[in-house]
Amino acid sequence: MKQIAQTLHNQLRDFSDRNKTFNTLYLTYRRVQFACIGARVNTMRKLRAKGIGNKQYEKLRTYKDIHKGERCFIIATGPSLTMEDIEALKGEYTFSMNSICKLYETTDWRPSYYAVQDNHVFISIQDIIRAHKEVPVFVSDNIWRRFRREPDWIEFPTDTMYHAYDMKIGNYHAKFSGDAHDIVYDGYSIAYSCIELAVYMGFREIYLLGCDCTYTGEKEHFIDSGVEDRSRKFATPKLIVAYEEAKCYTETHDVEIFNATRGGVLEVFPRVNLDDILKEKTHNG
C-alpha cells in the first residue's frame with residue numbers, strides 16, 4: 001500500500017508540474033499547510049520557553065555545552081567521502097547522518113553522534129538505526145508523529161517549514177539557531193542541523209567532510225539512502241544560501257567552521273586539508 005501511495009503521489013506531482021492551473025492550486029494548498037505547521041511550531045516554542053512541554057526534549061538538555069571548546073567533524077555523505085577518511089577519524093568527535101549507518105556492517109568505526117530528520121530516509125533505514133544501540137541517535141521531532149521512537153533516542157525540535165512559505169524557485173533563505181533546545185532550523189539538509197546541534201554542545205571548531213553540495217545526476221552520495229529527492233536539481237543553491245547563514249552566525253559567536261571536503265562546490269567556509277588537520281593534532285599531542 002505504501003508503494004501504491006508513493007506512486008500516486010509522484011504521478012500527482014508530475015501532473016502538477018505540467019498543468020499550470022492545478023500547479024497554482026497545489027502551491028496554494030502547500031503554502032496554507034506550511035503556514036499551519038509553522039504556527040504550531042512557534043506556539044510550541046513559546047510554551048517551552050515558559051517550561052511547558054519540555055519533557056520530550058529533556059535528554060537533549062543533558063548535551064548542552066558538554067563539549068565546550070572542543071572540535072568535531074560533521075561527516076556528510078557526498079561522493080568525495082572515502083572509507084580512508086572515515087577510518088582516519090577514529091578517536092575524534094564525529095557527527096554523521098542518514099545512509100552512513102549502512103557502513104556499520106563493514107567497519108568498526110562509529111560516529112560519536114548520528115542524526116536523521118527526513119521521514120522518507122528514516123523509513124528506508126530505520127531497521128539499521130534501531131539495531132545499533134551503541135550509537136547515540138538524534139532524531140527530529142517531526143518523525144515522532146508517524147513512527148515509533150526508541151526510549152534512548154534524543155529528540156530535537158525542528159522547524160522545517162519556515163523557509164517553504166514562499167515556494168518561488170531561487171527565493172531561498174535560512175535561519176540558524178545556537179540553541180537546539182529552543183529550535184533547530186532546517187537548512188535544506190541534515191548536515192546543517194548537525195552544525196546547530198554541535199554548536200549547542202559547545203564545540204568551537206567544526207569541520208565539514210563530504211559536504212560536496214553537488215547534484216549533477218552522476219554519483220551524488222558516498223552511500224545512497226535509496227530515497228529519491230525530486231528537488232535535488234535545486235539543492236545546490238539552497239545549500240549555499242543556508243551555509244552562508246551559518247557563516248554569518250560564526251562571525252558574531254565564538255565558533256569556527258571549516259570545510260575539509262575533498263572537492264565539491266562549497267566555498268562559504270575556509271578550505272582545509274583533512275590530513276593536515278589530523279597531523280596537527282598528532283604533533284600537538
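These are my notebook entries on the sheet, two helices and a cavity in a predicted model.

Entry 1, the sheet. I looked up the strand order and found an open sheet of seven strands that reads E5-E4-E3-E2-E1-E8-E9, with parallel pairing. At the edges I noted strand E5 (154-156) and strand E9 (256-259), each of which pairs on one side only. I also took down the turn between neighbouring strands of this sheet, which is 25° on average with direction ignored.

Entry 2, one strand pair. I then went to strand E1 (residues 71-75) and strand E8 (residues 205-209), which run parallel and are joined by five bridges. For Ile-74 I looked up the partner in E8, and the bridge leads to Leu-208.

Entry 3, the helices. I found helix H5 (residues 119-131) lying across strand E3 (113-116) and strand E4 (137-140), and its direction makes an angle of about 150° with E3. Helix H6 (residues 190-200) I recorded as lying across E1, strand E2 (94-97), E3, E4, E5, E8 and E9, with an angle of about 150° to E2.

Entry 4, the cavity. I asked how many cavities of 30 Å³ or more there are, and the count comes to one. For the largest cavity I wrote down a volume of about 30 Å³. Its lining, as I listed it, consists of Cys-101, Tyr-104, Tyr-114, Ile-129, His-132, Val-135 and Val-137. Sorted by class, the lining of the largest cavity holds six nonpolar residues and one polar residue, and I found no charged residues there.

Definitions and conventions:
Residues are numbered from 1 along each chain as its sequence is written. This is a predicted model: local features need pLDDT of at least 70, side-chain atom pairs count only at pLDDT 80 or more; totals for chains, interfaces and linings use all residues. Side-chain values use heavy atoms; hydrogens and water are left out. Two strands pair if DSSP finds at least two bridges between them. Helices (H or I, at least four residues) and strands (E, at least two) are DSSP runs, numbered from the N terminus. Axes are lines fitted to C-alpha atoms, for helices over the stretch in contact, and angles run from 0 to 180 degrees between N-to-C directions. Contact means heavy atoms within 4.5 Å. On a 1 Å grid over the protein atoms alone, a cavity is a set of points where a 1.4 Å probe fits but cannot get out, and a pocket is an open set with protein on both sides within 12 Å along at least five of seven lines; lining residues have an atom within 4 Å of a point. Grid points are joined across faces, edges and corners, and a volume is the space filled by probe spheres set on the points. Ala, Val, Leu, Ile, Met, Phe, Trp, Tyr, Cys and Pro count as nonpolar, Asp, Glu, Lys and Arg as charged, and the others, Gly among them, as polar.
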